Amino acid sequence: MSMGRFVNSMDPRSGLEVIRDWNGVAQVVLRSPKGASARVSLHGGQVVSWRNDRGEELLFTSSKAIFKPPNAMRGGIQMCFPQFGYSGTLERHGFARNRIWALDDEHPPLTHNDNGSKVSVDLILKPSEDDLKCWPHCFEFRLRVSLSKDGDLSLISRIRNVNGKPFSFSFAYHTYLSVSDISEVRIEGLETLDYLDNLSHKERFTEQGDAITFESEVDRVYVSSPNVVAVLDHEKKHSFVIRKEGLPDVVVWNPWEKKSKTMIDLGDEEYKQMLCVDAAAVERAITLKPGEEWTGKLELSAVLSTNCSDHLDHPVSI
């Protein structure tokens, strides 16, 4: 889908390319030396594009996506905070994905040095007066989005309590992966785990399959999950390797045919080309005392399926 007219400029502070969509909202473009790219919108801190070095789009965006604040665009990677789904009193998936973020000029340094092997952008979200009326907790949400020289995409979220009292939240990187055909896709790494089935009033089940495959609607929260999960796409002959840290759960969602037809911002047949696999903290809320900070990390790699098994035993190295 056309994103409308873009206005290009360079941010002299970082050398990053900044473009503006047809709503005038800034997006930051990250490019690797080998040709991979990612695009991050200040609307929601949302990653709206991730392309490999062949220019192939790896994230799904609906052809009917609504590119108009305050609602999040259907696709990419959304920041779900301080609530996931309808699990609390706030709007679905919380308000962070619907707000305009700012470039973070004064970001505290991370604890490791990547030796310049990544290009990154730092964003920050602080609550507005309206946010504090519906969720009365002061926070700083810092997000770093990085692209490695090999085209791996990583996101590091740091949420700090700058409140005078503790608060609790849930969180997810709501990640729409682009797949060739959902019926040809399987997920490895979640077998034998317990999951909460949102289609059965969050009833708890144990995964029985050797891998997760798809032949109907799926909406599950896999709990106490490993830090590495793989999504194998038989037709594309590549796999997504998902590495995470600080996020104990994995949400797996595909709306399938019937639900897709009720969604105004999703094409009737587009469920076949998408799969959401979200690194998340949903089952148990995260609680921060005043001054405490939580960190949640996600790294996405696209690898040849023949090499996929090598990555399932690979530690998180964000």
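Two rings of Phe, Tyr or Trp, the last taken by its six-membered ring, count as an aromatic pair if their centres lie within 6.5 Å. By that criterion this structure, which is a predicted model, holds 20 aromatic pairs.

**View 1. The whole chain, built from three helices and 21 strands.** Of the 318 residues of the chain, 54% count as buried. The accessible surface comes to about 14500 Å², and carbon and sulfur atoms account for 48% of that area. When contacts between residues at least 6 apart in sequence are considered, 63% of them join residues at least 24 apart.

**View 2. An aromatic cluster that includes Phe81, Trp135 and Trp294.** Besides these residues, the cluster takes in Phe95, Trp101, Phe139, Phe141, Phe167, Phe169, Phe171 and Tyr173.

**View 3. Arginine 220 over the ring of tyrosine 195.** The charged end of the arginine side chain sits 4.4 Å from the centre of the tyrosine ring.

**View 4. Strand S4 (residues 37-41), enclosed by the rest of the structure.** Because five of the five residues of S4 are buried, this strand is largely enclosed by its surroundings in the structure. In a regular strand the side chains alternate between the two faces of the sheet. On one side of S4 lie Ser37, Arg39 and Ser41, and on the other Ala38 and Val40, all of them buried, and both faces of the strand are thus covered.

**View 5. The antiparallel partners of S4, strands S3 and S5.** Strand S3 (residues 26-31) is joined to S4 by five bridges, and arginine 31 stands opposite serine 37 in S4. On the other pairing, four bridges join S4 to S5 (residues 47-51), where serine 49 is the bridge partner of arginine 39. In the hairpin of S3 and S4, five residues lie between the strands, and glycine 35 takes a positive phi near 110 degrees. The hairpin of S4 and S5 likewise has five residues between its strands, and there glycine 44 takes a positive phi near 85 degrees.

**View 6. Cysteines 276 and 134 in a structure that holds zero disulfides.** The sulfur of cysteine 276 has its closest cysteine sulfur in cysteine 80, at 9.3 Å, which is too far for a bond, because a disulfide requires the two sulfur atoms to be within 2.5 Å. Cysteine 276 is buried, with a relative accessible area of 0%, whereas cysteine 134 is partly exposed, with a relative accessible area of 37%.

Note on methods: Residues numbered from 1 in each chain as written. Predicted model: local features only at pLDDT ≥ 70, side-chain atom pairs only at ≥ 80, totals over all residues. Heavy atoms only, no water. Phe/Tyr/Trp six-rings, centres within 6.5 Å; stacked < 30°, edge-to-face > 60°. Lys NZ or Arg CZ within 6 Å of the ring centre and 35° of its normal. Buried < 20%, exposed > 50% of the residue type's maximum accessible area, 1.4 Å probe, protein only. Helix = DSSP H or I, 4+ residues; strand = E, 2+ residues; numbered from the N terminus. Contact = heavy atoms within 4.5 Å. Areas by Shrake-Rupley, 256 points an atom, 1.4 Å probe, with all protein chains shown as cover. Pairing = 2+ DSSP bridges.
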